[in-house]
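Thank you all for making the time this morning. I would like to walk through one model, going from a single residue outwards to the sheet, the core and the helix.

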Amino acid sequence: MDTYTNPRTLMRTLQMTLAGSGDVHDIIVRIGFPERDPVSGGDFRVLVEIEGFDEPYSRHFHGVDELQAFLAGCSTVSHILTALVPAGARLTWLGEDDLGFGTSSATP
């Protein structure tokens with residue numbers, strides 16, 4: 001796993017335990033600092049990246065100001081994780097089901 005951390009990115013490491021297995025895999029969630037959207041007339045955006053699943057996830061989330069863009073990225077992470085986590089797998093952060101993104105769990 002790449003351990004480089006961009007200084008303009010906030011990172012959280014989650015643990016995923018697959019159903020029927022004691023194996024634990026790290027899931028890395030990175031949320032970039034807000035930046036101006038380069039589209040003419042654009043507002044702000046943040047890049048959300050998730051690594052540790054079969055395919056990496058990367059997408060920008062937008063807002064009319066820096067705070068709205070950042071909150072959009074943060075609040076959407078739980079929904080993204082729910083879609084990416086394999087059936088029966090369990091995600092935890094600091095040993096708890098609450099992943100710290102505004103919902104209690106990303107276990108399907």
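**From one strand residue to the whole chain**

Let me begin with Thr 9, which, once residues up to four places away in sequence are set aside, touches Arg 30, Ile 31, Gly 32 and Phe 33. This is a predicted model, and everything I say should be heard with that in mind. Thr 9 belongs to strand E1, and Thr 9 counts as buried because its relative accessibility is 14%, where the cut-off for buried is under 20%.

Stepping back to the overall layout, the protein chain has one helix and six strands, and when they are read along the sequence they give the pattern β-β-β-β-β-α-β. The protein chain has 108 residues, of which 31% count as buried. The area that the protein chain exposes is about 6,400 Å², with 53% of it supplied by carbon and sulfur atoms. If we take the contacts in the protein chain with a separation of 6 or more, 40% of them are between residues 24 or more positions apart.

Now to the strand pairing, which I will take in order.

E1 and E2 run antiparallel and are joined by nine bridges, and within that pairing Leu 14 has Ile 27 in E2 as its bridge partner. These two strands form a hairpin with six residues between them, in which Gly 20 takes a positive phi near 75°.

E2 in turn pairs with E4, again in the antiparallel sense, over four bridges. Two of the partnerships can be named here: Ile 28 is partnered by Glu 51 in E4, and Arg 30 is partnered by Glu 49 in E4. Arg 30, you will recall, is also one of the residues that Thr 9 touches.

Strand E3, residues 35–36, runs antiparallel to E4 and is joined to that strand by two bridges, with Arg 45 of E4 as the bridge partner of Glu 35.

E4 also pairs with E5, antiparallel once more, over seven bridges, and Phe 44 stands opposite Gly 63 in E5. There are five residues between E4 and E5 in the hairpin that they form, and Gly 52 in the turn has a positive phi of about 125°.

That brings me to the interior, and to a question I expect someone would raise: which residues touch the most other members of the largest nonpolar core? The core has 22 residues, and the ones in question are Ile 27, Val 29, Ile 31, Val 48, Ile 50 and Leu 81. Two or more residues of this core are given by each of strand E1 (9–17), strand E2 (24–32), strand E4 (44–51), strand E5 (57–63) and helix H1 (66–84). The largest share, five residues, comes from H1.

Ile 27 is worth following a little further. Leaving aside its neighbours within four places in sequence, Ile 27 is in contact with Leu 14, its bridge partner, as well as with residues including Arg 12, Thr 13, Met 16, Ile 50, Leu 81 and Leu 91. Gly 52, the residue with positive phi in the turn between E4 and E5, is likewise among the contacts of Ile 27.

Arg 12 leads us on to the aromatic residues. The charged end of Arg 12 sits over the ring of Trp 93, at 3.6 Å from the ring centre, and that charged end also sits over the ring of Phe 101, at 4.9 Å from the centre of that ring. Aromatic pairs, by contrast, number zero in the structure.

Phe 101 then takes us to the helix. Ser 75 lies in helix H1, and although Ser 75 and Phe 101 are 26 residues apart along the chain, their C-alpha atoms are separated by 6.1 Å. Is Ser 75 buried, exposed or partly exposed? Ser 75 counts as partly exposed, because its relative accessibility is 41%.

The last residue I want to point out is Leu 94, which is found in the segment after strand E6 (90–92). Its phi is near 55°, a positive value in a residue other than glycine. Leu 94 counts as exposed because its relative accessible area is 66%, the cut-off for exposed being over 50%.

I will stop there and take questions.

Notes:
Residues are numbered from 1 along each chain as its sequence is written. This is a predicted model: local features need pLDDT of at least 70, side-chain atom pairs count only at pLDDT 80 or more; totals for chains, interfaces and linings use all residues. Side-chain values use heavy atoms; hydrogens and water are left out. Rings of Phe, Tyr and Trp (its six-membered ring) pair if their centres lie within 6.5 Å; planes under 30 degrees apart count as stacked, over 60 as edge-to-face and the rest as tilted. A charge sits over a ring if NZ of Lys or CZ of Arg is within 6 Å of the ring centre and within 35 degrees of the ring normal. Buried means under 20% relative accessible area, exposed over 50%, partly exposed in between (1.4 Å probe, protein chains only). Contact means heavy atoms within 4.5 Å. Accessible areas come from the Shrake-Rupley method with a 1.4 Å probe; for residues, only the protein chains shown count as cover. A nonpolar core is a set of buried Ala, Val, Leu, Ile, Met, Phe, Trp, Tyr and Cys residues joined through side-chain atoms within 4.5 Å. Two strands pair if DSSP finds at least two bridges between them.
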